[in-house]
Amino acid sequence: MAEGSHRSTARPPLWHQYVPAVDVITSYRKSWLPKDIVAGLVLSALLVPQGMAYAELAGLPPVTGLYTSILCLLGYAVFGPSRVLVLGPDSSLGPMIAATIAPLLLADGDPARAIALASMLAVLVGVIMTVAGVAKLGFVADLLSKPTQIGYLNGLALTIIVGQLDKLFGFSVDADGLLAEARDFVTGLADGEANATAAALGIGSLAGILLLNRLLPKLPSVLIVVVLAAIAVNAFDLENRDVDTVGVLPQGFPPFTIPAIGWSDLPPLLAGAGAIAVVALADTMSTASAFAARKGDRVRGNQEMVGIGAANIAAGFFQGFPVSTSGSRTAVAEQAGSKSQVTGVVGAVAITVVLVFATALMQNVPQPTLGAIVIAAALSLADISGTRRLWHQRRMEFLLSIIALLGVALLGVLPGILIAVGLSILNVFRRTWWPHQAELGRVDGIAGLHDTASYPAAQLLPGLFVLRYDAPLIFANSRMFADRVREIANDHPDLRWIVVAAEPVTDVDTTAADMLEDLDEWLNARGVSLVFAELKDPVREKIERYELTRTIDPAHFLPTVDDAVAEYIRQTGAHWQDPRPGQPEADDESSRR
């Protein structure tokens, strides 16, 4: 996590580690305060309209976005380790929240019940994150690989955009799912359901946000567009032209509320909370890493989980909903001069002032403009250039990205995140199941032995096959390893030694140990010796614990591949020769990956 440049060489007390606000207070510089105040005010100008828009994206009343923004900023300011990260309602979580609570709502969609469900969802996300952080499970963020994360976010962006088009054009569709919503939107347009005034306002708002972001990126584009749209609604009496607005917001600071839900609601809420926690953590870790790298700081992943957990719990007990880190809002705060989490506190105070004294300013904000804000945010989620790079660099990972995209788009947001996580895990498993492997030979002018697929003219020793296997030997690939070795033995009648260049072999489990015992006996019956070179000491200790040296000659464990080759030459008197006639350029498809 990003930390300030002020550090003490002494190890801080344990409670300082879990309550970073103490360190902020004790090391705070007076010169930072004006910059933090300005950054906080700039941030609040962005958080107010975005908070309302993302609340509606989650299927909740707009005011809950303001409640959420206040409490999550305060919660992270106390327990969050980063001096610069900004938390708040997020476009990537909105559809996940809606997908979790919508099936639990009654037909009338009671707003009070929706708020209670979303608040309990935030509490559950917070508890999951906090417990995981204390248990040092920050590595969970790695469950989403970059390709599947790109695909997931692309699918999410597509889902959000299609879901907001009806609001942008001033009408509504009653459909569930990307394809159904797209079909009903097109049908609604064809049937003349769109409101021309609302559509002009919505499309103009979207164009304004995008143009300001491109041409004048330092200006608060969202705030400018919201203010102009509200002025237009009031000046031209657009409500009488059937342009929907936010309406009157409840005034005052949100009360402390324990979410009232039934026991039957907990299982689906827990499932949704787990998925949201994974996405929020992955987003936070990538954002924290990016901003920490700029200042040469480190990321405290486990404390980040505690900080996000505290922010969610605080929001959940004050009628809020789950939150995550926002890269765009963090960038805005940093550009405005933010020096510490005092920026977040100032932002929370500013939003509270709006809630207590100035809710009337928000009532004329048009719904099409909120839809435009959400669509603009969704466009920033999409990573087309990243997808294109995957296509050019690694087609398999491009395919994983597309599958993740289709999972979100066709099956829904929550199944989509499960598919994305599952694909990430399966991709790791695939690389272990089908690892890169190669035959090694001697190349003139280059020290050591090298892949004959890369150097087809590499020289070989008669009766010797040097096999490099780039994976641990475990239950998933033990049969494939044995099949490969048997294939080598059958293809080379003059074979005497198979040397496994075992430096990449980081583990041998019991399944693989049984396989090696059977394989060695099979090779011995054919006059072939199985030899290991460069086997790591911990792995060699496991080999001895498995008592494999009963069948594999202890003399056939050599410290380096060069030692193994030298020993073979000493025993056989063999000489290096040019490649075998008809030798393929690669042993299998995996050696070309």
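Partly exposed describes a residue whose relative accessible area falls between the buried range, under 20%, and the exposed range, over 50%. Asp507 fits that description because its relative accessible area is 22%. Keep this in mind for the views below, which come from a predicted model.

**View 1. Asp507 and Lys542 meet in a salt bridge.** The closest N and O atoms of the two residues are 2.6 Å apart. This pair links distant parts of the chain, 35 residues apart. Asp507 sits in the loop between E6 and helix H20 (510-524), while Lys542 belongs to helix H21 (residues 537-545). Lys542 is partly exposed, with a relative accessible area of 24%, and Asp507 is partly exposed at 22%.

**View 2. Arg113 and Asp265 form a salt bridge between their side chains.** Here the N to O distance is 3.0 Å. The partners come from distant parts of the chain, 152 residues apart: look for Arg113 in helix H6 (residues 111-134) and for Asp265 in the loop between H10 and H11. Their surroundings are worth a second look. Asp265 is buried, with a relative accessible area of 6%, whereas Arg113 is partly exposed at 23%.

**View 3. Within helix H22, Glu567 and Arg570 are three residues apart and share a salt bridge.** Because of that spacing in the helix, about one helical turn separates them. Their closest N and O atoms are 2.6 Å apart. Arg570 is exposed, with a relative accessible area of 59%, while Glu567 counts as partly exposed at 22%.

**View 4. Glu517, Glu547 and Arg550 are joined in a network of salt bridges.** To place this view in the wider picture, the structure holds 12 salt bridges.

**View 5. Phe429 and Trp433 make a tilted aromatic pair.** The structure holds 13 aromatic pairs, and this is one of them. The ring centres lie 5.9 Å apart, with 50 degrees between the planes. Both residues are in helix H18 (residues 413-433), and they are four residues apart, so about one helical turn separates them. Phe429 is partly exposed, with a relative accessible area of 33%, and Trp433 is partly exposed too, at 31%.

**View 6. Trp497 and Tyr568 form another tilted aromatic pair.** Their rings are 5.4 Å apart, centre to centre, and the angle between the planes is 55 degrees. Trp497 lies in strand E6 (residues 497-501) and Tyr568 in helix H22 (residues 561-572), so the pair ties together parts of the chain that are 71 residues apart in sequence. Tyr568 is buried, with a relative accessible area of 1%, and Trp497 counts as buried at 5%.

**View 7. Four phenylalanines gather in a cluster: Phe253, Phe256, Phe317 and Phe318.** Follow the ring pairs from one residue to another, as these pairs are what link the cluster.

**View 8. Asp237, Glu239, Asp242 and Asp244 form a negative surface patch.** One of these residues, Glu239, can be found in the loop between helix H10 (221-235) and helix H11 (266-295). Glu239 is partly exposed, with a relative accessible area of 42%.

Definitions and conventions:
Residues are numbered from 1 along each chain as its sequence is written. This is a predicted model: local features need pLDDT of at least 70, side-chain atom pairs count only at pLDDT 80 or more; totals for chains, interfaces and linings use all residues. Side-chain values use heavy atoms; hydrogens and water are left out. Patches are made of residues with over 30% relative accessible area and no salt bridge: like charges are joined within 9 Å, nonpolar side chains (Val, Leu, Ile, Met, Phe, Trp, Tyr) within 5 Å. Accessible areas come from the Shrake-Rupley method with a 1.4 Å probe; for residues, only the protein chains shown count as cover. A salt bridge is a side-chain nitrogen of Lys or Arg within 4 Å of a carboxyl oxygen of Asp or Glu. Lys and Arg count as positive and Asp and Glu as negative; His and the chain ends are not counted. The place of a charge is taken as NZ of Lys, CZ of Arg, CG of Asp or CD of Glu. Helices (H or I, at least four residues) and strands (E, at least two) are DSSP runs, numbered from the N terminus. Buried means under 20% relative accessible area, exposed over 50%, partly exposed in between (1.4 Å probe, protein chains only). Rings of Phe, Tyr and Trp (its six-membered ring) pair if their centres lie within 6.5 Å; planes under 30 degrees apart count as stacked, over 60 as edge-to-face and the rest as tilted.
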